[in-house]
Structure formats: structure tokens, C-alpha cells
Amino acid sequence: MSPAKPAKAKPATNGDRRPVNLALQGGGSHGAFTWGVLDALLADGRLDIRAITGTSAGAMNAVVCAEGYLEAGADGARKQLAQFWAEISREGVFSPIRRSPLEQLMGGWSLQDSPGRAMWEMWSTVLTPYDTNPLGINPLRDFLDGIIDFKRVRREAGIRLFIAATNVRSGRIRVFGNHELTAEAIMASACLPQLFQAVEVDGEAYWDGGYLGNPALFPLFYEDTPDDIILVQINPDMSEDLPRTAGAIADRLNEITFNATLLAELRAIAFVQKQLGLGNLPSEGYRAVRMHRIALEDAGLKLDASSKLNTEAPFLEMLRDQGRAAGKAFLDQHIAAIGKHGTLDFKALGL
């Protein structure tokens, strides 16, 4: 994978930049769309990213972006993100879950008919990662340690990070802050229990954070962060087709599950905003959060959930380019609203 070399980020004085938080949803390799969005926002230079909350692939994008920013500002963050996703595609070359010859011939990205995926799904009904990988070997640990200087992220002030994981035993969410971040914390946020053994951090076992916060918005409400939140949403709200196959049903259930807590938080935000506007709530103790959204489903791509396992370089590059376009379109349409009012249409989401 040889990522394109975009122009350097535009310089901007602190007075010109609008402070924002980012909320990055997880979604496997579809997180390359978020890579493209981040690249566009960083290149534009008009936003001052103060905090990022992220889960799973969103957590990886968040920590890679933040560490690159510590190294060399916006250009460092963009370079680090490009390197990270290039490494993902190189590691993916060895994956047995690949597109079927027919899918490749048709130019699609789905893994629904992948022989490797079909075999994994069959075995996963009777075997767990504790059976198939009793030593708990996870190449992601060494990969993350190799590309991210976690000591620096923990030590130096920069973009604030909030990384969500699910505590297996208590069923509660844990949010890791900068001072707690390790490769294990990021792995915990991205630990799908069908693929990996639970990740232990401080003696507690964790699964993917998407079950309880994808991403978790609430940490931004209680900390000294900007009132504007730009949500980069990967999982679709709507499904045009009624799933009928076992695989399609399972995939749609996962999409609904991984959107559920996000929609609940957005519903709470919508309610508070309405009550504040009506004067039914005191301004003290309640924040007038301004929500914005950049969504993969708005890009017009026809992608099924199985393609979240596709790490082929052309696929990731296509998603990156779509993310860049979406990020630029958002800025063109909504940069003036940052700091003034939200642009997310809650009614359109049925909230």
C-alpha cells in the first residue's frame, strides 16, 4: 500500500482555529474512512482538536492521530495515520479471510462468499479463541507497541483521549484516559470475543468497547472540553434490505448492537437541548452540546458488514478517499456553524 502524498496542512493561528472534540466509531477496516476524514480535517487547519473519544478502530485512529500530533503537529498526525493503515494492509496479506474469486472479478469488496470466512464462522459456533489460540497470541500487541510510543502519549500533554472498553465481569464500561493508555488498553477496546481472548488490564478482563459505547460521548460532558462534537459514524443507522441469510442477519444484529448506546446518548443530548431551549432546565449543570456528524452511510457506498474484515490496500485507499471527500464536504458546509450551533438533524434520526 503506497498512500498518496497530500499537500501539507494549512497553517492557522490559534485565534483562527475552532476548538472541537472528535468522536470516532469503531467498525473494523471501515475505520479507513475515518482515516480519510481525519486527514481532511487536519489538512484544512481551521479546527483545533482538543479531545478524541474512540472505540475499537476509532480508538486506534485516535491514539495514532494523537501520538503523531505530538511528534509534528497536523502533518505528523497525517503521516502517522497513513503509516498505520499501510501496516494494516501489509499485515492483512496473510489473512485467510479474503474475497472470493467471483467477488474480485465483479469488483466488489464483500467477504460474504469468502471460503475463509465461511470456515471461521463454522468453527466459531463450537470453538472459542480459548480453544483455537490457547496461548492468547495476538500480533496486534506487538504491532501497536511498534508504531505507537505509549510512554510519550501518557507523559506529554496533547490531544485528550478517551478510549472505551467493556468489562467482561461487571458488564460496565471503562474509559481509559491518556495516563492509562497502553497497547493492552487499545487491544481491549478492539477485542471481539469471537476472535480474541479477553484482554486483561490491571487484573480485569475486557471485550470490545462497542458493546457499551461506540463511541462513548459522556466523558466529553464531564471534562473541560469544547462544546462542539464531530461524530464520525461508521455503522449505518438504516438497512435498505431485509436480511434473510444467517450471515446477513448476524451482521445486521451487530450493526444494531454497536449503534445502540450511541443512539441512546444522542437521544439524551437531543432531550437536554430541547429542554434547555424551552427553559425547562437550569443552564447551570447542563451543557449545550453542539453535535455534528460525518457518516459513512452518507457516502453512497454499498458495503456489507462482512467487508469490515477486508484489509486489502485498494479497499482501504478507496475508503480513505471517500473519507477525505466527506471531511472536505463537511467543512465546506458547516465550518461556520462550529462554535455557534449544531448541524446534526436529530429528527432525521428519529430522536
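**A walk through the predicted model**

Leu102, Leu105 and Met106 together make a nonpolar surface patch of about 400 Å². The structure is a predicted model, and every value below should be read with that in mind. Of the residues in the patch, Met106 belongs to helix H3, which spans residues 101-106. Met106 has a relative accessible area of 64% and is exposed, because exposed is used for values over 50%.

From this surface feature we can turn to the way two helices are arranged. Two packed helices are described by the angle between their axes and by the distance between those axes. Helix H1 covers residues 31-44 and helix H11 covers residues 313-334, and their axes come within 6 Å while crossing at roughly 45°. H1 and H11 are therefore oblique to each other, since an angle that is neither under 35 degrees, nor over 145, nor from 65 to 115 is placed in that class. The crossing in which H1 passes H11 is right-handed.

Charged side chains come next, and the structure holds 22 salt bridges. One of them lies within helix H10 (residues 246-278), where Glu255 and Arg252 are 3 residues apart, about one turn of the helix. The closest N and O atoms of this salt bridge between Glu255 and Arg252 are 2.9 Å apart, and both Glu255 and Arg252 are buried. Elsewhere, salt bridges with shared partners link Asp39, Asp75, Arg78, Arg320, Asp321 and Arg324 into one network.

Other pairs can be described in the same terms of distance and exposure. Glu156 forms a salt bridge with Arg155, with 3.3 Å between the closest N and O atoms. Glu156 counts as partly exposed at 28% relative accessibility, whereas Arg155, with a relative accessible area of 57%, is exposed. A further salt bridge is found where the side chains of Glu180 and Arg174 meet, at 3.1 Å from N to O; Glu180 is partly exposed, its relative accessible area being 27%.

The loops hold several details of the backbone. Ser56 is found in the loop between strand E2 (47-54) and helix H2 (57-92), and its phi is near 55°, a positive value in a residue other than glycine. Ser56 counts as buried, because its relative accessibility of 11% is under 20%. Asp202, in the loop between strand E5 (199-201) and strand E6, likewise has a positive phi of about 55° although it is not a glycine. Asp202, however, is exposed, with a relative accessible area of 65%.

Following the chain onward, Pro215 has its place in the loop between strand E6 (204-208) and helix H9. A cis peptide bond joins Asn214 and Pro215, with omega at about -5°. Asp227 is placed in the loop between helix H9 (218-222) and strand E7 (228-233), and at 27% relative accessibility Asp227 counts as partly exposed. Asp227 and His341 are 114 residues apart in sequence, and their C-alpha atoms are 9.7 Å apart in space.

Methods:
Residues numbered from 1 in each chain as written. Predicted model: local features only at pLDDT ≥ 70, side-chain atom pairs only at ≥ 80, totals over all residues. Heavy atoms only, no water. Patch = residues over 30% accessible without salt bridge, like charges linked within 9 Å, V, L, I, M, F, W, Y side chains within 5 Å. Areas by Shrake-Rupley, 256 points an atom, 1.4 Å probe, with all protein chains shown as cover. Salt bridge = Lys/Arg side-chain N within 4 Å of Asp/Glu carboxyl O. Helix = DSSP H or I, 4+ residues; strand = E, 2+ residues; numbered from the N terminus. Buried < 20%, exposed > 50% of the residue type's maximum accessible area, 1.4 Å probe, protein only. Axes fitted to C-alpha atoms, helices over the stretch in contact; angles between N-to-C directions. Left-handed = near helix turned anticlockwise from the far one by under 90°.
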